[in-house]
Amino acid sequence: MKNGNMIMDMTPISSTDKERIIDTKTQLKERDSNMELLRCIAMFLVLLVHAGFLSLGLPTQAESLQAPVSVFMRLLTQSVSVVCVNVFVLLSGWYGIRFSIRRLGNFLFQVFFFSFLIYVCLVIIHPTDYLNVRSLSRLFILNGEEYWFVKSYLLLFLFAPFLNTLVEREENKQTVKSVLIVFFLFQTIYGWLSIKGVTELGGGYSALSFMGLYLLVRYLRCYGYDTSKYSGKIYISIFWGITFINASLAFFLARINLMVFGRIFTYTNPFVICQSLLLVFAFSQLKVKSKFINWLAISCFAVYLTHANEFILRPYYGRWIKFLFDGQSTIMFIFAVVSTILVIFFLSILFDKVRIYIWTKIAGK
């Protein structure tokens with residue numbers, strides 16, 4: 001997912017804030033490999049989260065009684081991987097999205113490059129199944145289920161200049177703080193505790209939730225939250241603590257047949273948001289410089305665009321994971337899923353390099 005990585009100049013600001021913003025601009029001329037590594041990890045987690053409940057469904061009470069270890073590991077995996085989307089959005093806010101028509105064009109070109117590529121391949125293989133109006137509407141992501149992240153992120157991208165203006169003006173500091181408190185309190189009540197309380201929040205599957213996350217991390221960055229006050233090990237330890245608590249609570253609820261445990265693994269869960277922030281804080285302290293990591297990260301959004309396309313996600317990826325789960329031993333299942341994830345990840349990266357080459361020929365460097 002390609003994001004802007006420079007803070008916009010805003011006035012009026014204090015001299016201290018001006019110096020901080022200038023320093024940040026200088027540091028961000030090159031990609032930070034530590035945060036790009038987190039971006040890549042988040043994409044692996046997207047593949048993993050889609051190999052969980054989406055492919056296998058929610059564990060039942062009978063499963064939790066008959067195979068408790070297997071069910072707990074599924075819940076633990078879900079608890080780890082559910083941070084994936086929030087981490088992507090937080091990384092955008094960490095650097096700040098810098099809107100431009102070229103960036104918008106690049107983003108849309110990447111989306112439709114993969115949408116068309118997948119559709120053409122499927123038409124060649126099964127022309128009678130895909131040469132219809134319904135498939136064409138999917139091709140152009142006109143239906144609600146197609147590329148929900150793309151549409152939510154696109155609206156965040158378009159609103160980012162206004163959010164930046166709001167949060168980066170020093171006189172708005174207290175206002176933004178109040179907005180964040182009210183927003184996350186409202187979201188927790190009507191977008192998590194009452195998961196369908198407000199359709200606009202959609203359990204975190206929405207541009208509105210993205211804007212809340214973006215504003216939160218921009219606020220922390222702009223007003224000097226020092227992530228180094230605690231070590232990365234502490235952040236990671238707390239992350240794993242929350243992970244085990246969420247998984248254990250879900251396991252307990254499954255055992256007593258309270259099927260509301262699925263909402264523990266939603267993007268609007270305040271503990272999931274906390275987990276996501278902890279990962280960002282932990283990786284911000286890493287000292288990593290790697291051209292290879294940066295090379296991968298530039299294209300890692302392509303991994304989402306390939307496997308999460310509705311032509312692929314449930315009919316192929318989901319069914320393949322379910323087939324492996326039903327027919328393989330635990331060890332072979334884990335090996336096959338990891339292999340599948342790695343193949344999808346690196347093939348998507350390579351296809352995106354072709355896409356980048358074509359884009360540079362169209363738009364120039």
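1. Which residues of α11 are buried? Going along the helix, they are Val176, Leu180, Phe183, Phe184, Gln187, Thr188, Gly191 and Trp192. Keep in mind throughout that we're looking at a predicted model. As background to that list, an α-helix has 3.6 residues a turn, so residues three or four places apart point the same way.

2. Staying with α11, its length checks out. The helix runs over residues 173-193, and at 1.5 Å a residue its 21 residues should span 30 Å; the end C-alpha atoms sit 29 Å apart, which agrees. That said, α11 does have a kink of about 30 degrees, centred on Gln187. Gln187 also turns up among the buried residues of this helix, so have a look at that spot when you scroll through, taking buried to mean under 20% relative accessible area.

3. Now the largest pocket. Its volume comes to about 790 Å³, and 38 residues line it. If you want to find the middle, go to His50, Leu54, Trp148, Tyr205 and Tyr267, which lie nearest the centre. By class, the lining breaks down into 23 nonpolar, ten polar and five charged residues.

4. Where does that lining come from? Six helices each supply at least two residues: α2 (33-50), α3 (53-56), α6 (84-95), α10 (148-168), α16 (301-307) and α17 (313-327). The largest share is the four residues from α2.

5. On to charge pairs, where side chains of opposite charge can pair when their charged atoms come close. The model has eight salt bridges in total. One of them joins the side chains of Glu36 and Arg39, at 3.0 Å from N to O. Both residues belong to helix α2 and are three residues apart, about one turn of the helix. Glu36 counts as buried because its relative accessibility is 2%, and Arg39 does too, because its value is 3%. The pair isn't on its own, either: Arg31, Glu36 and Arg39 are linked in a network of salt bridges.

6. A second pair worth a look is Arg355 with Asp352, whose closest N and O atoms are 2.9 Å apart. Both lie in helix α18 (residues 330-363), and because they are three residues apart there, about one helical turn separates them. How accessible is Arg355? Its relative accessible area is 1%, so it is buried. Asp352 is at 0% relative accessibility and therefore counts as buried as well.

7. Glu310 and Arg314 make another salt bridge, with the closest N and O atoms 2.6 Å apart. Is each partner buried or exposed? Glu310 is buried, with a relative accessible area of 7%, whereas Arg314 is partly exposed at 45%.

8. Last, a residue in α10. Ala160 has its place in that helix, and at 0% relative accessibility it counts as buried. Compare its position with that of Leu136: the two are 24 residues apart in sequence, and their C-alpha atoms are 30 Å apart in space. The α10 helix itself is one of those contributing at least two residues to the lining of the largest pocket.

Terms used:
Residues are numbered from 1 along each chain as its sequence is written. This is a predicted model: local features need pLDDT of at least 70, side-chain atom pairs count only at pLDDT 80 or more; totals for chains, interfaces and linings use all residues. Side-chain values use heavy atoms; hydrogens and water are left out. On a 1 Å grid over the protein atoms alone, a cavity is a set of points where a 1.4 Å probe fits but cannot get out, and a pocket is an open set with protein on both sides within 12 Å along at least five of seven lines; lining residues have an atom within 4 Å of a point. Grid points are joined across faces, edges and corners, and a volume is the space filled by probe spheres set on the points. Ala, Val, Leu, Ile, Met, Phe, Trp, Tyr, Cys and Pro count as nonpolar, Asp, Glu, Lys and Arg as charged, and the others, Gly among them, as polar. A salt bridge is a side-chain nitrogen of Lys or Arg within 4 Å of a carboxyl oxygen of Asp or Glu. Buried means under 20% relative accessible area, exposed over 50%, partly exposed in between (1.4 Å probe, protein chains only). The expected span of a helix is 1.5 Å times one less than its number of residues. The bend at a residue is the angle between axes fitted to the seven residues ending there and the seven starting there.
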